[in-house]
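I opened the model and kept notes on what I looked up. The entries follow in the order I made them.

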Amino acid sequence: MKLTIAIAALAGIATAANAGVTINEVLGSTSGSDAEFIELYNTTGAAIDMAGWTIELWDSDADTAGFGQQDGGSTFSITGSIAAGGHYTLGNALSISTYGYAASQIIGANSIENGSYTMVLRDATSAIVETFFVMDNIADVANIAGAPIIPDFSFGPDGSFLPAGFYRVGDGSANIGLLEFGQPSPSATPGSANIPAPGALALLGLGGLATARRRR
Ligand SMILES: [Ca+2]
Ligand SMILES: [Ca+2]
Ligand SMILES: [Ca+2]
């Protein structure tokens, strides 16, 4: 009986990221100069062509003039494909030197803003795959081009600050952990499998189960 439940749960995970690719980890606002990266994860057992997919970052501080606008260069066009169960990273030079990984795509310094933002992943048809709302808890409104939305995930602040970044606790998990400000962030894994945070094991749900099974 337990096995049946587990299989049903795993089937649910496969459809949670409705297009098979999910935002898996983001670092954007660190101590000192910002090491920045966005990691995508292919939740399926087949390679996925990413041509035409995009990631947008919308300013979500309703108390600033930039609200509802995109900071310079913050629509990222994804290229190439992601292998089955693989990771795709957009990273700036500092993140690459800090973490020693090979980014799939290099992005400019300060591409990910340090104020509240709404991150939107779209597929090749421009359909929204998922949205993340990262908050500093002051006048924050999840939005696309200024139009309010209900995001798939909302979190922050970390203390009184916008979180340095976030990661799914276990690849593809619905449980979100926050990355540390100090560099390198102990929980950050650009380009490779996310780790369950030691203190978060008790919170592990379906994603944790899926990760545990996958690793056997
Ligand atoms: Ca930044
Ligand atoms: Ca704010
Ligand atoms: Ca990772």
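**Entry 1: serine 187.** I wanted to know whether serine 187 is buried or exposed. The model is a predicted one, and in it serine 187 has 22 C-beta neighbours inside 10 Å. The cut-off for buried is 20 or more, so serine 187 counts as buried. I then looked up where serine 187 sits, and found it in the loop between strand 15 (176-179) and helix 3 (206-215). I also took a distance back to glycine 177, which is ten residues away from serine 187 in sequence. The C-alpha atoms of serine 187 and glycine 177 are 8.7 Å apart.

**Entry 2: serine 185 and proline 184.** I stayed in that loop. Serine 185 is also found between strand 15 and helix 3, and I count it as buried because it has 22 C-beta neighbours inside 10 Å. Which residues does serine 185 contact, leaving aside neighbours within four places in sequence? I listed Leu27, Ala164, Leu179 and Glu180. Serine 31 is 154 residues from serine 185 along the chain, and I noted 10.0 Å between their C-alpha atoms. Proline 184 is placed in the loop between strand 15 and helix 3 as well. I checked the peptide bond from glutamine 183 to proline 184 and noted that it is cis, with omega near -5°.

**Entry 3: other backbone points.** I kept in mind that most peptide bonds are trans and that most residues other than glycine have a negative phi. I noted a cis bond from glycine 156 to proline 157, with omega near 0°. Proline 157 lies in the loop between strand 13 (153-155) and strand 14 (165-168).

For phi, I wrote down serine 126, which is not a glycine and has a positive value near 75°. I located serine 126 in the loop between strand 9 (117-122) and strand 10 (128-134). Serine 126 has 9 C-beta neighbours inside 10 Å, so I entered it as exposed. Alanine 139 also has a positive phi, about 50°, without being a glycine. The loop that holds alanine 139 runs between strand 10 and strand 11 (143-144). I entered alanine 139 as partly exposed because 13 other C-beta atoms lie within 10 Å.

**Entry 4: leucine 27 and strand 1.** Leu27 had come up as a contact of serine 185, so I looked at it from the other side, and then at strand 1 (21-27), which is largely enclosed by the rest of the structure because seven of its seven residues are buried. Leaving aside neighbours within four places in sequence, leucine 27 is in contact with Ala35, Glu36, Phe37, Ser95, Ala164, Gly165, Leu179, Ser185 and Ala188.

I next looked up the pairing of strand 1. Strands of a sheet pair through backbone hydrogen bonds, either parallel or antiparallel. Strand 1 and strand 2 are antiparallel and share six bridges, and I noted valine 21 opposite asparagine 42 of strand 2. Strand 1 is also antiparallel to strand 14, with three bridges between them. In that pair I found glutamate 25 opposite tyrosine 167 of strand 14.

**Entry 5: the nonpolar core.** In soluble globular proteins, nonpolar side chains tend to be buried together. I asked which residues of the largest nonpolar core touch the most other members. They are Ile23, Leu27, Met119 and Val134, in a core of 40 residues. Among the strands that each supply at least two residues of this core, I noted strand 1, strand 2 (37-42), strand 7 (87-91) and strand 14.

**Entry 6: the five-stranded sheet.** I traced an open sheet of five strands with the order 5-4-9-10-13 and mixed pairing. Its edge strands are strand 5 (76-77) and strand 13, each pairing on one side only. I looked at one pair in this sheet: strand 4 (residues 54-59) and strand 5 are antiparallel over two bridges. Isoleucine 55 stands opposite phenylalanine 76 of strand 5.

**Entry 7: the whole chain.** I ended with the overall counts. The chain has three helices and 15 strands. It has 216 residues, and 42% of them count as buried. Of the contacts between residues at least 6 apart in sequence, 61% join residues at least 24 apart.

Notes:
Residues numbered from 1 in each chain as written. Chains lettered and ligands numbered in written order. Predicted model: local features only at pLDDT ≥ 70, side-chain atom pairs only at ≥ 80, totals over all residues. Helix = DSSP H or I, 4+ residues; strand = E, 2+ residues; numbered from the N terminus. Buried ≥ 20, exposed ≤ 12 C-beta atoms within 10 Å, placed from the backbone. Contact = placed C-beta atoms within 7 Å. Pairing = 2+ DSSP bridges. Core = buried A, V, L, I, M, F, W, Y, C linked by C-beta atoms within 7 Å.
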